Amino acid sequence: MKTFKEIQRFDQWWLRLLLVVILAIAVSPLVLDWDNLKFSKFEIASVILSILVILSLFLGFWYIFKLETTIDEEGITYRFVPFHIKSRFKAWSEIKSAKIRKYNPIREYGGWGYRISFTKRKALTTKGRKGLQLVFNDGNELLLGTQYPEKIDALLTHYSKLK
């Protein structure tokens, strides 16, 4: 019995850089007016509050938002927290095809994250350009982003031999 589990988060370097830039902007009123050294309690409190709000939003984004994928002999289980409270399970019998593919997140889905289109396509991704493309028997499609395409591909090959 082979099982694959992956948890992905939004932890790209450019998001960290964005956090530093936003924090610098939040602190800038104090730094730019440092010569006066006469900050009101309101100014200091507003800068501290801004920093706390920014940090809590970014940290919440990094630690709350995650894509969980599990593949085993019964099927594929996935969950995009916080959008899915419970994990979603698709049995192999519900899946018409499953393959690893390279995709363009911006052009095909409008970016990363929980993406739903007006067609029968959906994508759950956090980063990268490789994913597990699932086509279901009812015609719906789901792309699950992955950072381990080779491992999933080997597992798909293993399970296709068991059918």
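This briefing covers the fold, the nonpolar core, the largest pocket, the aromatic pairs and one strand residue. The model is predicted. The protein chain has 163 residues, and 34% of them are buried. It holds four helices and nine strands. Of the contacts with a separation of 6 or more, 56% join residues 24 or more positions apart.

**Fold**

- Read from the N terminus, the order of elements is β-α-α-β-β-β-β-α-β-β-β-β-α.
- The chain therefore opens with a strand and ends with a helix, given the run β-α-α-β-β-β-β-α-β-β-β-β-α.

**Nonpolar core**

- The largest nonpolar core contains 25 residues.
- Ile-71, Ile-76, Leu-132, Leu-134 and Leu-144 have the most contacts inside this core.
- Three helices and four strands are listed as sources of at least two core residues each: helices H1 (13–32), H2 (41–64) and H4 (149–162), and strands S2 (66–71), S3 (75–81), S8 (130–136) and S9 (141–145).
- H4 gives the largest share, four residues.
- Leu-144 shows how the core is connected. Beyond its neighbours within four places in sequence, Leu-144 is in contact with Leu-67, Thr-69, Ile-76, Tyr-78, Leu-124, Gly-131, Leu-132 and Leu-134.
- Three of these partners, Ile-76, Leu-132 and Leu-134, are also listed among the core residues with the most contacts.

**Largest pocket**

- The largest pocket has about 180 Å³ of space.
- Its lining consists of Tyr-78, Lys-90, Glu-94, Lys-120, Arg-121, Lys-122, Phe-136, Asn-137, Asp-138, Asn-140, Glu-141 and Leu-142.
- Strand S7 (121–125) and S9 are the elements that give two or more residues to this lining.
- By class, seven lining residues are charged, three are nonpolar and two are polar.
- Tyr-78 lines the pocket, and Tyr-78 is also in contact with Leu-144.

**Aromatic pairs**

- How many aromatic pairs does a search of the whole structure find? The search finds six.
- Phe-4 and Tyr-148 make an edge-to-face pair, with 6.4 Å centre to centre and 70° between the planes.
- This pair links distant parts of the chain, 144 residues apart. Phe-4 sits in strand S1 (residues 4–9), and Tyr-148 in the loop between S9 and H4.
- Phe-4 is buried, at 7% relative accessible area. Tyr-148 is partly exposed, at 40%.
- Tyr-103 and Tyr-109 are also edge-to-face, because their planes stand at 75°, with ring centres 6.3 Å apart.
- Are Tyr-103 and Tyr-109 buried or exposed? Tyr-103 is buried, at 3% relative accessibility. Tyr-109 is buried too, at 11%.
- Phe-65, Phe-80, Phe-83 and Tyr-114 form one aromatic cluster.

**Arg-9 in strand S1**

- Arg-9 lies in strand S1.
- Why does Arg-9 count as partly exposed? Its relative accessible area is 25%, and the partly exposed class applies because that value falls between the 20% and 50% cut-offs.
- Leaving aside neighbours within four places in sequence, Arg-9 is in contact with Trp-62, Tyr-63, Phe-65, Lys-66, Thr-126 and Lys-127.
- Phe-65, one of these partners, belongs to the aromatic cluster with Phe-80, Phe-83 and Tyr-114.
- The C-alpha atoms of Arg-9 and Glu-68 are separated by 9.1 Å, and the two residues are 59 apart along the chain.

Notes: Residues are numbered from 1 along each chain as its sequence is written. This is a predicted model: local features need pLDDT of at least 70, side-chain atom pairs count only at pLDDT 80 or more; totals for chains, interfaces and linings use all residues. Side-chain values use heavy atoms; hydrogens and water are left out. A nonpolar core is a set of buried Ala, Val, Leu, Ile, Met, Phe, Trp, Tyr and Cys residues joined through side-chain atoms within 4.5 Å. Buried means under 20% relative accessible area, exposed over 50%, partly exposed in between (1.4 Å probe, protein chains only). Contact means heavy atoms within 4.5 Å. On a 1 Å grid over the protein atoms alone, a cavity is a set of points where a 1.4 Å probe fits but cannot get out, and a pocket is an open set with protein on both sides within 12 Å along at least five of seven lines; lining residues have an atom within 4 Å of a point. Grid points are joined across faces, edges and corners, and a volume is the space filled by probe spheres set on the points. Ala, Val, Leu, Ile, Met, Phe, Trp, Tyr, Cys and Pro count as nonpolar, Asp, Glu, Lys and Arg as charged, and the others, Gly among them, as polar. Rings of Phe, Tyr and Trp (its six-membered ring) pair if their centres lie within 6.5 Å; planes under 30 degrees apart count as stacked, over 60 as edge-to-face and the rest as tilted.
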